[in-house]
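Me: I would like a close look at a single part of this model, namely its cysteines. Please take me through them step by step.

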Amino acid sequence: MYVVILLGNGTLILISILDSHLHTPVYFFLGNLSFLDICYTSTSIPSTLVSFLSERKTISFSGCAVQMFLGLAMGTTECVLLGMMAFDRYVAICNPLRYPVIMSKDSYVPMAAGSWLAGIINSAVQTAFVVQLTFCRNNVINHFSCEILAVMKLACADISGNEFIMLVATTLFTLMPLFLIVISYSFIISSILKIRTSEGRSKAFSTCSAHLTVVIIFYGTILFMYMKPKSKETHNLDDLDATDKLISMFYGVMTPMMNPLIYSLRNKDVKEAVKHLFNRSFFSK
């Protein structure tokens, strides 16, 4: 699965760089998303694979902090980036004549850079507060990697402050982009329904169906993981921990693996670009 993630997302990045027809805002965002998926999975999967083959499954405290920072930074960046991509689709469908002006290079590059900056700042703040906690006795992380919630559970100090910071961060960097996505798609659906021909409606919807699919899968698992109510029961904590780990593995592995397939299978531009590059490399030989 990790090899598929590297090959699939790496291929999308390569195609979007080499084919001049794909030098547009939507494929610039898609290239960022693919790079994010490679970075996000690379923060945890290699160490998990090593632990499968190793007798001693340990990680240093500093190594755990780095893994926690990178994982949270990539996850936050993806949330914000998906919101930016929704705005791009809104302008493309609802205001197509002004699309080149609104989504110029001076606009979409800072939007992507802002997404990365938001992820890095949020992760730096949350990680800094977690590493300052007091840890004693139990040092076994009940997770596949140093996921921030799993590490916080090991602290033998009050973590209410950390939970409040996480709630604020989740609202700003997860729910706000989700709100932007919902608003954007409300206008998009309204515009699509006004198109008289079924062919026109189908063409308009196909331009944003891939992004909407990714949003549903990614945000569905993220919200279930971080926004679900904490159970006060103690007898089913093992089941809850197992569920958290499986959900984390789903959005940490399955989603990055499916993204290239979702964006390429029904995308004529990507198919044409692959065909063009293949023919160019074949005939040049």
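Which pattern do the disulfides of the protein chain follow, with bonded cysteines counted along the chain?

Reply: In this predicted model, the disulfides of the protein chain follow the pattern 1-3, 2-4 when the bonded cysteines are counted along the chain. The structure holds two disulfides, and each can be followed in turn.

One of them joins C64 to C146, with a distance of 2.1 Å from S to S, and the angle of -125° about the S-S bond makes this link left-handed. C64 lies in helix α4 (residues 61-94), while C146 lies in the loop between α6 (105-131) and α7 (148-152), so the pair ties together parts that are 82 residues apart in sequence. Both C64 and C146 are buried.

Another disulfide joins C136 to C156, with 2.0 Å from S to S. Here C136 sits in the loop between α6 and α7 and C156 in the loop between α7 and α8, so this pair ties together parts that are 20 residues apart in sequence. C136 is partly exposed, with a relative accessible area of 26%, and C156 is likewise partly exposed, at 30%.

There are also C39 and C208 to consider. C39 has a relative accessible area of 22%, and because buried would mean under 20%, C39 counts as partly exposed. C208, at 1% relative accessibility, counts as buried. The closest cysteine sulfur to that of C208 belongs to C94 and is 9.2 Å away, which is too far for a bond, because a disulfide needs the two sulfur atoms to be within 2.5 Å.

Methods
Residues numbered from 1 in each chain as written. Predicted model: local features only at pLDDT ≥ 70, side-chain atom pairs only at ≥ 80, totals over all residues. Heavy atoms only, no water. Helix = DSSP H or I, 4+ residues; strand = E, 2+ residues; numbered from the N terminus. Buried < 20%, exposed > 50% of the residue type's maximum accessible area, 1.4 Å probe, protein only.
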